[in-house]
2 protein chains.
Amino acid sequence: MTKDSLLPLLTAHVLAHGLGGASLRPLAKAAGTSDRMLIYHFGTKEALIVDLLGYIAKVYAAALDAAMGSERAATRADVVARILAHGDAPAMQPFMRLWWEIVAGAARDLPGYQIAAQTMMAELLGWLEGQMPAGDPDPQGGARYLMTVIEGTAMLTAVGHGDTAQQGLLAGGLLPS
Amino acid sequence: MTKDSLLPLLTAHVLAHGLGGASLRPLAKAAGTSDRMLIYHFGTKEALIVDLLGYIAKVYAAALDAAMGSERAATRADVVARILAHGDAPAMQPFMRLWWEIVAGAARDLPGYQIAAQTMMAELLGWLEGQMPAGDPDPQGGARYLMTVIEGTAMLTAVGHGDTAQQGLLAGGLLPS
DNA sequence: AAGTTCACGTAGCAGTCGCTACATATCAGG
DNA sequence: CCTGATATGTAGCGACTGCTACGTGAACTT
């Protein structure tokens, strides 16, 4: 029972039940240990959360790499459509729910949240740059532009305004019609 | 001591200390009452939160109306610049921090969160529609497009990727250069 | 004047929180 | 064989959680 064998189990519990309300005893049960042992390994609940966020960021990076198709999209709209489909996949939804908790924690400057969120966004940006269509006039700037649009769409979707975002993407020429 | 006189004080406390970790006794102290009385008035903590979210949505609507300048912007980029400046104002930052908690709650389907978030986004959309430049070819779609971009920028700013979003807006022609 | 409802204080319930003290059990190195 | 570090279980601490039981003045109704 090392830290590294604990982190995947803790991640699974947090994906299912959330990060903000997580407490040591349920976390320990999910990981097959006791709260006593979690403190033994991580020292503090806060340190556990920080370690866990770092691990989740690495898992997210690996998931993005795995989802990276080798063929490039033909247009920016195709890039947007591809990544939105990826985010809408049922397998991604527990992660999406967790993501907004991470954003909320980052906005409140809780330890570890900012770094984890920045790591994941930097990873997404790199992925997007690699996905930009060949011959795009401004791949760097375009990737940043698409990331902004994509995250706005994700947020509006989370609060039930997904259709509004879709209409916006259409009006902006960012969805294949 | 009625509900309506309590809600502004509760809102102030929640803006300062967050919504997720709020518990009855600190809330009561901030409102000058006891936890006993909060339960007396609202019945349940959950009902209190739902009422509070509804009230906060109304406060947000009023704040938007008050911030609505009478003169229209000349370009879409000016609309974006104006509302981003509004969101970056120091007075708005406690609300922004709260906003991400609301989004996280909506993503987890906590009672009241979705409705409050939808109300606020609908209000913002209406405001944007009224702000679109005269002669804009597609005010409805354009407003939805700008809202998506603006919310994406807000999220990236919250996690410390504000500069990335700025570069994206520039590349998308959505910031006055 | 009697009865009813409202508004509020005090005290406390059962449960959970993060964390600790203490006792072991296991196992490698001298 | 002894010793020290690593690992784990049991019990519990004090603080806090949402919430309730109970009592009491004040106001309003009939």
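## Close-up views of a predicted two-chain model

**View 1. Chain A is built from helices.** Read along the sequence, its pattern is α-α-α-α-α-α-α-α-α. This is a predicted model. Chain A has nine helices. Its strand count is zero. Along the principal axes, the C-alpha trace of chain A spans about 55 × 30 × 30 Å.

**View 2. Buried residues and surface of chain A.** How many of the 177 residues of chain A count as buried? The share is 46%. A residue counts as buried when its relative accessible area is under 20%. Chain A exposes about 7,700 Å². Carbon and sulfur atoms supply 57% of that exposed area.

**View 3. Contacts and charges in chain A.** Take the contacts in chain A with a separation of 6 or more. Residues 24 or more positions apart account for 64% of them. Now look at the charges. Chain A has 12 positive and 16 negative charges. The mean positions of these two sets are 9 Å apart.

**View 4. The axis relating chains A and B.** Chain A can be laid on chain B by a turn of 180° and a shift of 0.0 Å along the axis. The RMSD is 0.0 Å. That is the relation of a two-fold axis. Which C-alpha of chain A is nearest the axis? It is that of Gly152(A), 1.8 Å from the axis.

**View 5. The surface where the copies meet.** Of the interface residues of chain A, 100% are also interface residues in chain B. The copies therefore meet through the same surface.

**View 6. The largest nonpolar core.** This core has 119 residues. Those with the most contacts inside it come from chain A and chain B. In chain A they are Leu10(A), Trp99(A) and Trp100(A). In chain B they are Leu10(B), Trp99(B) and Trp100(B).

**View 7. Around Trp100(B).** Neighbours within four places in sequence are left aside here. From chain A, Trp100(B) is in contact with Trp100(A), Val103(A), Ala104(A), Ala107(A) and Met155(A). From chain B, Trp100(B) is in contact with Glu151(B), Ala154(B), Met155(B) and Ala158(B).

**View 8. Around His13(B).** His13(B) is in helix H1 of chain B, which covers residues 3-17. Is His13(B) buried or exposed? His13(B) is buried, because its relative accessible area is 12%, and the cut-off is under 20%. Leaving aside neighbours within four places in sequence, His13(B) is in contact with Gly18(B), Pro26(B), Leu27(B) and Ala30(B).

Note on methods
Residues numbered from 1 in each chain as written. Chains lettered and ligands numbered in written order. Predicted model: local features only at pLDDT ≥ 70, side-chain atom pairs only at ≥ 80, totals over all residues. Heavy atoms only, no water. Least-squares fit on C-alpha atoms with pLDDT ≥ 70 in both. Contact = heavy atoms within 4.5 Å. Helix = DSSP H or I, 4+ residues; strand = E, 2+ residues; numbered from the N terminus. Buried < 20%, exposed > 50% of the residue type's maximum accessible area, 1.4 Å probe, protein only. Areas by Shrake-Rupley, 256 points an atom, 1.4 Å probe, with all protein chains shown as cover. Lys, Arg positive; Asp, Glu negative; His and termini not counted. Charge placed at Lys NZ, Arg CZ, Asp CG, Glu CD. Core = buried A, V, L, I, M, F, W, Y, C linked by side-chain atoms within 4.5 Å.
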